[in-house]
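Let's take a walk through this structure together. Have the sequence and the 3D view ready, and we'll stop at a few spots along the way.

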Amino acid sequence: MPVKKKRKSGVAAAAAEDGGLKKCKISSYCRSQPPARLISGEEHFSSKKCLAWFYEYAGPDEVVGPEGMEKFCEDIGVEPENIIMLVLAWKLEAESMGFFTKEEWLKGMTSLQCDCTEKLQNKFDFLRSQLNDISSFKNIYRYAFDFARDKDQRSLDIDTAKSMLALLLGRTWPLFSVFYQYLEQSKYRVMNKDQWYNVLEFSRTVHADLSNYDEDGAWPVLLDEFVEWHKVRQAS
């Protein structure tokens, strides 16, 4: 995958080549670390403490940027490309990948009632659980499109789209590896929002053997062409 701007390096998963076919590496677990300290119920959330925590990572522009984000990830024991970071960004309603503004931090961490590293670590199970809730996952998936795209573009470049799809669907959609290969050889260089939304719907409703695929359905051309391409491969 072409090197992205530094601000894009936070969440998107990399794709590794193996025997001519690219397979995506998806991080779903935290790196080994000492267990988080148990937080007493008497330790109530403190906005002042939360703000001081923010400034441990923020630069002079009062934004947690790439360098601060790297230190933040090290402190909480999570790789930057871990899907937990995407869920956290969603909770903070962060607008740009690799950046947290002061307003986003304070609003999101207040919602999570986290004002220190230990409290956030104790929320990891809750953050993971959002991926298992159908409604929350759909919201996270849709959020990821605007979060990952260049803000001067209306679509996702195809490399970023592939990496984000790997992060979100790579472990759960049986046809993901086939779809990834299709995107690798396709003519598409970007993925628009309608296509992005429909990929999730397709992954949830169409059987892995495509037996219930409706050729007369209102799927985007990208998915019609994927089905045709896959059937030709199977026939040969």
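**Starting at Glu93**

At 48% relative accessibility, Glu93 counts as partly exposed, because that label covers values from 20% up to 50%. Keep in mind as you look around that this is a predicted model. Glu93 sits in the loop between α3 and β4, the latter being residues 100-101. Its backbone is worth a look too: Glu93 has a positive phi of about 55°, although it is not a glycine. You'll find that positive phi just after α3.

So what does the side chain of Glu93 make a polar contact with? The partner is the side chain of Lys107, at 3.4 Å. Lys107 belongs to helix α4, which covers residues 102-112. Along the sequence, Lys107 and Glu93 are 14 residues apart, and in space their C-alpha atoms are 8.6 Å apart. Is Lys107 buried or exposed? With a relative accessibility of 54%, Lys107 counts as exposed, because the cut-off for that word is over 50%.

Now step back from Glu93 into α3 itself. This helix is mostly covered, with 9 of its 10 residues buried. The buried ones are Ile83, Ile84, Met85, Leu86, Val87, Leu88, Ala89, Trp90 and Leu92.

Go to the start of α3 and you meet Asn82. This residue is found in the loop between α2 (66-76) and α3 (83-92). Asn82 is buried as well, with a relative accessible area of 0%. Where does its side chain reach? A side-chain oxygen of Asn82 comes to within 2.9 Å of the backbone nitrogen of Ile84, right at the start of α3. Ile84, you may recall, is one of the buried residues of that helix.

Next, move along the chain to a pair of helices that pack against each other. They are α7 (residues 134-148) and α10 (residues 193-205), and they pack at an angle of about 150° with their axes 10 Å apart. The two are therefore roughly antiparallel to each other, since angles over 145 degrees count that way. Their crossing is right-handed. Which residues make the contact? From α7 come Ile134, Phe137, Lys138, Tyr141, Arg142, Ala144, Phe145 and Asp146, while α10 brings Lys193, Trp196, Tyr197, Val199, Leu200 and Arg204. Sorted by class, this contact of α7 with α10 has 9 nonpolar and 5 charged residues, and no polar ones.

Follow the chain out of α10 and you come to Leu210, in the loop between α10 and α11 (221-235). Leu210 has a positive phi of about 65° although it is not a glycine. Is Leu210 buried or exposed? At 5% relative accessibility, Leu210 counts as buried.

Our last stop is Trp229, in helix α11. With 19% relative accessibility, Trp229 counts as buried, because buried means under 20%. And what does Trp229 touch, leaving out residues up to four places away in sequence? Its contacts are Val178, Gln181, Tyr182 and Gln185. Look also at Ser186: the C-alpha atoms of Trp229 and Ser186 are separated by 9.7 Å, and the two residues are 43 residues apart along the chain.

Technical notes. Residues numbered from 1 in each chain as written. Predicted model: local features only at pLDDT ≥ 70, side-chain atom pairs only at ≥ 80, totals over all residues. Heavy atoms only, no water. Axes fitted to C-alpha atoms, helices over the stretch in contact; angles between N-to-C directions. Helix = DSSP H or I, 4+ residues; strand = E, 2+ residues; numbered from the N terminus. Parallel < 35°, antiparallel > 145°, perpendicular 65-115°, else oblique. Left-handed = near helix turned anticlockwise from the far one by under 90°. Contact = heavy atoms within 4.5 Å. Nonpolar A, V, L, I, M, F, W, Y, C, P; charged D, E, K, R; others polar. Buried < 20%, exposed > 50% of the residue type's maximum accessible area, 1.4 Å probe, protein only. Polar contact = N/O pair within 3.5 Å; in protein donor to acceptor, adjacent residues only side chain to side chain.
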